Every structure is written in C-alpha cells, then in structure tokens.
Amino acid sequence: MRKLIVKTIFTFTTLLTFCTTYGQSRQFKNEFLYRINLIRQKGCNCGIKYYAPAPALTWNDDLQDAAEGHAKDMARQNYFDHTSKDGRSMEDRIVAAGYKFKGYKSFAIGENIAAGQQSIAEVMDGWFKSEGHCKNLMNPDFKEVGVAMYRNYWVQDFGGRQLFSPEQQKLIKSGKYHMVQQPATGHD
C-alpha cells in the first residue's frame, strides 16, 4: 500500500511539473507565434512610436530552453529580474542554451519577462501594452523566439542572426575581413 501511495504522489508531482512547464506543447508554441506574428504583420504603436510591420518570427528551441531555465530559476528562487541570482545575464543564459553568435554577421537578442498572468492572451496583452516589451516584440532584428512559463513566471527570449555572404566568408578566411563583437542589449 505504501508503494502505491508513493507511486501515486510521484506520478502526480511529475504531471504537475509537466503541466506547469506549459511551454513544451505544440499548441503553446503555435499560439505564441500566432499572437506575435499577427501584430508584427500589421505593425503597431509601442507607446507613442509606431512600428512598421516586421517579418514573422519563427520558433527556436534553444531560445525556449533559455527561457524555460530562467522561468524555473525565478520561480524556484522567488525573484523577478533579467539578471539571475547567480549573476548570469540574459546573454549568458541564451548562449549557454546553445544560441551561438560565432559565424554570424549579426547577432541580436532580447528578453521579456512577466509574472502572475494566467494565460497566453493575458501575458501577450500586457507585453504589447508595455512600451519596452512591445519594442522587443516589434524589433525587426529579431527573427526567432522561444517562450516558457513555469508557475506563472513567463520568459520570452528573442534572437536574430544573419549569416555572412559567401563573399564575406572568403574575405574572413583570407584575413581581409575582421569581426568585432559588441555587447548585447534589449530587455524589458
């Protein structure tokens, strides 16, 4: 009997954890992409500034992994910030999750966080009503997104990378073209 109770508790805990890490389902991804891309396609005002239509974002699993890790960390350690309690920045987490900049001509990242919202519609509505969050959502430099929610902590990580042209790749290999890394910005 005791083993049955332990198995039941383990199963319930596993299901609860799976359900609170809502970000893994296809429906979750599709709803976020639909809501983001609907507004990007039309353009919108972020505060008093109008942002023209921007290309659609695609889902990126590395960005989702970074978002999920940060959402879980904030929930488990009871804080709300773009900087993790261990000092890691948005860039540190995104790159550690596998979203690399090496080999790309440009690299842009950004992050939106929220807490307490009960649905995708509610969190997206809040982000589009917030000027800084809206700017990230409408930033044409961002091409990819990954989002996660854990215990009502929401994290949306953005990325944009552009490959070097074949001509630029030849120049790099010959030593006639040099790359310079600049610090990342873009979180609200």
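**Figure 1. How much of the chain is tucked away, and how the fold reads overall.** In this predicted model, 39% of the protein's 188 residues count as buried. Seven helices and six strands make up the secondary structure. Walk along the sequence and you get the pattern α-α-β-β-β-α-α-β-α-α-β-β-α. Take the contacts between residues at least 6 apart in sequence: 70% of them join residues at least 24 apart.

**Figure 2. Helix 2 crossing helix 6.** Here we look at residues 26-42 (helix 2) and residues 131-138 (helix 6), whose axes come within 10 Å and cross at roughly 85°. Angles from 65 to 115 degrees count as roughly perpendicular, so that is what helix 2 is to helix 6. On the helix 2 side, the residues that meet the partner are Ile36, Ile39 and Arg40; helix 6 brings Asn136, Leu137 and Met138. Sorted by class, this contact has four nonpolar residues, one polar and one charged.

**Figure 3. Phe28 and Trp59, edge to face.** Searching the whole structure turns up seven aromatic pairs. One of them is Phe28 with Trp59, an edge-to-face pair with 6.5 Å from centre to centre and 85° between the planes. Phe28 belongs to helix 2 and Trp59 to strand 3 (residues 58-59), so the pair ties together parts of the protein that are 31 residues apart in sequence. Are these two rings buried or exposed? With buried meaning under 20% relative accessible area, Phe28 makes the cut at 1%, and Trp59 is buried too, at 15%.

**Figure 4. Phe28 again, this time stacked on Trp154.** Phe28 also pairs with Trp154, and this pair is stacked: the centres are 6.5 Å apart and the planes are 10° apart. This one links distant parts of the chain, with Phe28 in helix 2 and Trp154 in strand 6 (residues 153-163), 126 residues apart. Both Phe28 and Trp154 are buried.

**Figure 5. The ring cluster around these pairs.** Which residues do the ring pairs link into a cluster? The members are Phe28, Phe32, Trp59 and Trp154. Phe28, already seen in the edge-to-face pair with Trp59, shows up here alongside its stacked partner Trp154.

**Figure 6. A charge over a ring: Arg161 and Tyr99.** The last close-up turns to an arginine and a tyrosine. What sits over the ring of Tyr99? That would be the charged end of Arg161, 3.7 Å from the ring centre.

Notes: Residues are numbered from 1 along each chain as its sequence is written. This is a predicted model: local features need pLDDT of at least 70, side-chain atom pairs count only at pLDDT 80 or more; totals for chains, interfaces and linings use all residues. Side-chain values use heavy atoms; hydrogens and water are left out. Axes are lines fitted to C-alpha atoms, for helices over the stretch in contact, and angles run from 0 to 180 degrees between N-to-C directions. Helices (H or I, at least four residues) and strands (E, at least two) are DSSP runs, numbered from the N terminus. Angles under 35 degrees count as roughly parallel, over 145 as roughly antiparallel, 65 to 115 as roughly perpendicular and the rest as oblique. Contact means heavy atoms within 4.5 Å. Ala, Val, Leu, Ile, Met, Phe, Trp, Tyr, Cys and Pro count as nonpolar, Asp, Glu, Lys and Arg as charged, and the others, Gly among them, as polar. Rings of Phe, Tyr and Trp (its six-membered ring) pair if their centres lie within 6.5 Å; planes under 30 degrees apart count as stacked, over 60 as edge-to-face and the rest as tilted. Buried means under 20% relative accessible area, exposed over 50%, partly exposed in between (1.4 Å probe, protein chains only). A charge sits over a ring if NZ of Lys or CZ of Arg is within 6 Å of the ring centre and within 35 degrees of the ring normal.
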